[in-house]
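Me: I'm learning to read protein models, and I'd like to know the reasons behind the labels. Could we go through one together?

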Amino acid sequence: MDKRILVGSIAALGVMLGFDLLTKASGGSLDLPLRTGMGTLVLGNLAITFAAMTLGGWIARRRFRWIAVALSALVWIMAIVALTVAPPPSGAGAALSLAVILKFNALTIVLELVASWLGAMLGELLAARKPRPVAA
């Protein structure tokens with residue numbers, strides 16, 4: 001793996017983790033949830049995923065799109081596993097089933113994967129732009 005791709009991946013995951021920590025510290029006010037008929041759409045996470053993958057694509061410069069999607073998918077897989085194995089932190093009862101998690105998060109998962117792809121593509125395009133000469 002190219003060093004730039006590795007650094008871009010670490011930067012993207014760092015931005016996403018930093019936002020999650022800020023969200024927890026703020027009591028969830030940064031999430032910006034939007035209730036839809038297909039579950040809750042978390043606009044804050046979508047925006048941060050897009051921005052993080054844009055940064056990662058800009059650092060990596062090329063071949064980052066599929067890695068960005070894989071990183072987002074990996075984050076979701078880890079979250080789903082954590083929710084199905086461990087009980088919710090609120091102490092509301094047993095761990096959630098996979099069907100319940102997907103029922104309320106399928107729209108967000110799909111849109112985050114799309115945001116990852118588009119953000120990485122934008123980052124790669126920004127990195128490929130040639131600097132304009134400064135007029136003197």
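Reply: Happy to! Keep in mind that this is a predicted model. Let's start with a pocket: by class, the lining of the second largest pocket has six nonpolar residues, one charged residue and no polar ones.

Me: Which residues line the second largest pocket?

Reply: They are L13, M16, L17, D20, V75, M78 and A79. The space in this pocket comes to about 160 Å³.

Me: How do you know that D20 is the charged one?

Reply: Asp counts as charged, whereas Leu, Met, Val and Ala count as nonpolar. D20 is in the lining, so D20 is its charged residue.

Me: Which element gives the most to the lining of this pocket?

Reply: That is α1, with four residues. Both α1 (3-25) and α3 (65-85) supply at least two residues each.

Me: Now the charged pairs. What makes R62 and D2 a salt bridge?

Reply: The cut-off is 4 Å between a side-chain nitrogen of Lys or Arg and a carboxyl oxygen of Asp or Glu. For R62 and D2 the N to O distance is 3.6 Å, which is within 4 Å, so the pair counts as a salt bridge. The two residues are 60 apart in the chain, with R62 in the loop between α2 and α3 and D2 in the segment before α1.

Me: How many salt bridges does the structure hold?

Reply: Two. The other pair is E124 and R65, with their closest N and O atoms 2.8 Å apart. This pair also links distant parts of the chain, as E124 is in helix α4 and R65 in helix α3, 59 residues apart.

Me: Why is E124 called buried?

Reply: Buried means under 20% relative accessible area. E124 has 8%, so E124 counts as buried.

Me: And why is R65 called partly exposed?

Reply: Partly exposed lies between 20% and 50%. R65 has 26%, so R65 belongs in that class.

Me: There is a nonpolar surface patch too. What makes F50 fit in it?

Reply: A patch residue needs over 30% relative accessible area. F50 has 31%, so F50 passes that cut-off. F50 is found in helix α2, and its partners in the patch include L55 and W58. The patch covers about 700 Å².

Me: Which element gives the most to the nonpolar patch?

Reply: That is α4, with five residues.

Conventions:
Residues are numbered from 1 along each chain as its sequence is written. This is a predicted model: local features need pLDDT of at least 70, side-chain atom pairs count only at pLDDT 80 or more; totals for chains, interfaces and linings use all residues. Side-chain values use heavy atoms; hydrogens and water are left out. Patches are made of residues with over 30% relative accessible area and no salt bridge: like charges are joined within 9 Å, nonpolar side chains (Val, Leu, Ile, Met, Phe, Trp, Tyr) within 5 Å. Accessible areas come from the Shrake-Rupley method with a 1.4 Å probe; for residues, only the protein chains shown count as cover. Buried means under 20% relative accessible area, exposed over 50%, partly exposed in between (1.4 Å probe, protein chains only). On a 1 Å grid over the protein atoms alone, a cavity is a set of points where a 1.4 Å probe fits but cannot get out, and a pocket is an open set with protein on both sides within 12 Å along at least five of seven lines; lining residues have an atom within 4 Å of a point. Grid points are joined across faces, edges and corners, and a volume is the space filled by probe spheres set on the points.
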